[in-house]
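Visitor: I would like to go through this structure with you, one question after another. Could you take me from local contacts to the overall picture?

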Amino acid sequence: MTRRAGSRGAVLSTFAGVALLGSFLAACEPRPVPVAVSAPPPAPAIVTPAVSYQPPAPPPDNARMQCVTYARAATGLDLRGDAWSWWDAAGGRYGRGPAPSTYSVLVLAQGVRLSRGHVAVVREVLDARRIRVDHANWNNDERIVKDMLVIDVSAANDWTEVRFWNERANSWGNVYLAYGFIYPPGTEPDRTAFVLP
């Protein structure tokens, strides 16, 4: 019996020693430093460059005028002459290029249907191939037409060939040759805005 009690005592003693050693080691073990969990950084804000250009008040919608008179009144561009001549007249005075921007002026070349060319003011750039324009005298009636859809159909996506939406026929009109866009100061386009795949 004594032997059994001694054996049991040794086991208990060993068990107590192991528990004591474990708690001692636990006390000596370095405790992890609490890590502050911060919120993920906020997503970068989408910054739209401020347009420094302030267009003049456009003519009233019921006014009757030629396309050049309308474009001059709506943008403040100081250009004269037939619409097709605006492209060369703008050289050295205003920025010009193949990309649309709001308030820029699309200049169409002379052609069978447009003996004097045509100009239209860009109201909105929808994407790399579509814009909306405001212009006058499109149907030789001196009326102001707003928010007309125009698409670029040129192979190089350089706006040298365009088509206008014909509401009367509910279809796209003829292909017209274009020089590009004239930019009133402060309306130059962001060339990275639309990248085609």
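Visitor: Which residues does Ala 73 touch, not counting residues up to four places away in sequence?

Guide: This is a predicted model, and in it Ala 73 belongs to helix H2, which covers residues 67-75. Its C-alpha atom is separated by 7.8 Å from that of Ala 57, a residue 16 positions away along the chain. With neighbours up to four places away set aside, the residues that Ala 73 touches are Pro 56, Ala 57 and Pro 59.

Visitor: Does Ala 73 count as buried, partly exposed or exposed?

Guide: Buried means under 20% relative accessible area and exposed means over 50%, with partly exposed in between. The relative accessibility of Ala 73 is 30%, and therefore Ala 73 counts as partly exposed.

Visitor: Which element gives the most to the largest nonpolar core?

Guide: The largest nonpolar core has 21 residues, and those with the most contacts inside it are Trp 86, Val 105, Val 119 and Ile 182. Two or more residues come from each of H2, helix H3 (86-90), strand S2 (105-108) and strand S3 (118-127). The element that gives the most, with five residues, is H2.

Visitor: With which residues is Val 105 in contact, leaving aside its neighbours within four places in sequence?

Guide: Val 105 is one of the residues with the most contacts inside the largest nonpolar core, as are Trp 86, Val 119 and Ile 182. Those three also appear among the contacts of Val 105 itself. The full set is Ala 71, Thr 75, Leu 77, Trp 86, Val 119, Ala 120, Val 121, Gly 180, Phe 181 and Ile 182.

Visitor: How many residues are in the other core that lies apart from it?

Guide: Apart from the largest core lies another one, which includes Trp 138, Met 148, Trp 159 and Ala 178. The number of residues in this other core is 19.

Visitor: Are the rings of Trp 165 and Trp 172 stacked, tilted or edge-to-face?

Guide: The structure holds six aromatic pairs. In the pair of Trp 165 and Trp 172, the ring centres are 5.1 Å apart and the planes stand at 80 degrees. Planes over 60 degrees apart count as edge-to-face, so the pair formed by Trp 165 and Trp 172 is edge-to-face.

Visitor: Which residue lies over the face of Trp 87?

Guide: Here the partner of the ring is a charged side chain, placed at 4.9 Å from the ring centre of Trp 87. The residue that lies over this face is Arg 96.

Visitor: Which of Asn 140 and Asn 157 counts as exposed, and which as partly exposed?

Guide: Most residues other than glycine have a negative phi. Asn 140, in the loop between strand S4 (130-136) and strand S5 (144-152), has a positive phi of about 55 degrees, and Asn 157, in the loop between S5 and strand S6 (161-166), likewise has a positive phi of about 55 degrees. Because its relative accessibility is 68%, the residue that counts as exposed is Asn 140. Because its relative accessibility is 22%, the residue that counts as partly exposed is Asn 157.

Visitor: What pattern does the protein follow, read along the sequence?

Guide: The secondary structure comes to three helices and seven strands, and of the 197 residues 32% count as buried. Read along the sequence, the pattern is α-α-α-β-β-β-β-β-β-β.

Technical notes:
Residues numbered from 1 in each chain as written. Predicted model: local features only at pLDDT ≥ 70, side-chain atom pairs only at ≥ 80, totals over all residues. Heavy atoms only, no water. Helix = DSSP H or I, 4+ residues; strand = E, 2+ residues; numbered from the N terminus. Buried < 20%, exposed > 50% of the residue type's maximum accessible area, 1.4 Å probe, protein only. Contact = heavy atoms within 4.5 Å. Core = buried A, V, L, I, M, F, W, Y, C linked by side-chain atoms within 4.5 Å. Phe/Tyr/Trp six-rings, centres within 6.5 Å; stacked < 30°, edge-to-face > 60°. Lys NZ or Arg CZ within 6 Å of the ring centre and 35° of its normal.
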